[in-house]
Amino acid sequence: MVFDPITVFLALVFWPKSKGSRAPGPRLAGPGMSVFPVTVEAASFSNDYHAAAVPGADGVVVARKHLGIDIFAPAGTAVLAPEAGAVRFTTDPKGGNVFYLKGASGTSYYGAHMMGAYGLDRVVSAGEQLGWVGNTGNAATTAAHLHFQMNGGKTNPYSKLRELSDAHLARKMLPTSRTVRRGAFGGTT
Ligand SMILES: [Zn+2]
């Protein structure tokens, strides 16, 4: 892509502005993801990408890192397509019921441990339901969650997930929290 001055100008003017005081740094997630992959209100997650190595059966710590983010939500919560693209479903011993989504932007997504897939392999739009949160595969003894990873685990989805979650919750909850605050604190902020 050639960056002519007009393109650069438009990019600077329309580049999404981050809210809050997120530290500057490289974008860690692809530009194509526009929908939080689980019903936001029900979800909780932390930055457990590349979390601690897992001890092997003999107690030796092996270099096995967590390649995604675990999004915890009650079993049966909707799993949603993070962007438009082609989805296919399969089952494997580790992931249980999983989806692979090749996004229109080129970013690929993988989600595991679903209770089940919603519908068949197909082209989906952003936000379309893909399944339900569960604990299939090697999450059988774990609380229900969606193991969510991007680009084969090479990209940390955390910052983008946090951004989408915060933006969504701010939109939904701002009027309510204002009302509560006004009542609780007599109009001061
Ligand atoms: Zn996981």
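**Exercise 1. Burial and overall composition**

Determine what percentage of the residues of the chain count as buried, and state which order the elements follow from the N terminus on.

*Solution.* In this predicted model, 29% of the 189 residues of the chain count as buried. The chain holds 2 helices and 9 strands. Read from the N terminus on, these elements run α-β-β-β-β-β-β-β-β-β-α. Among contacts with a separation of 6 or more, 65% are between residues 24 or more positions apart.

**Exercise 2. The environment of Pro82**

Locate Pro82 among the elements, decide whether Pro82 is buried or exposed, and list the residues in contact with it beyond four places in sequence.

*Solution.* Step 1: Pro82 belongs to the loop that links strand E2 (78-80) and strand E3 (85-92). Step 2: there are 29 other C-beta atoms within 10 Å of Pro82. The criterion for burial is 20 or more, so Pro82 is buried. Step 3: with neighbours within four places in sequence set aside, Pro82 is in contact with Met33, Val35, Pro37, Tyr109 and Ala126. Step 4: for one of these, Tyr109, the C-alpha to C-alpha distance to Pro82 is 8.2 Å, at 27 residues apart in sequence.

**Exercise 3. The sheet containing E2**

Establish the strand order of the open sheet of 3 strands and identify which strands are its edge strands.

*Solution.* Step 1: the order is E2-E8-E6, and the pairing is antiparallel. Step 2: E2 and strand E6 (116-117) each pair on one side only, and are therefore the edge strands. Step 3: E6 and strand E8 (residues 129-132) run antiparallel and are joined by 2 bridges. Step 4: Ala117 has Gly131 in E8 as its bridge partner.

How values were computed: Residues numbered from 1 in each chain as written. Predicted model: local features only at pLDDT ≥ 70, side-chain atom pairs only at ≥ 80, totals over all residues. Helix = DSSP H or I, 4+ residues; strand = E, 2+ residues; numbered from the N terminus. Buried ≥ 20, exposed ≤ 12 C-beta atoms within 10 Å, placed from the backbone. Contact = placed C-beta atoms within 7 Å.
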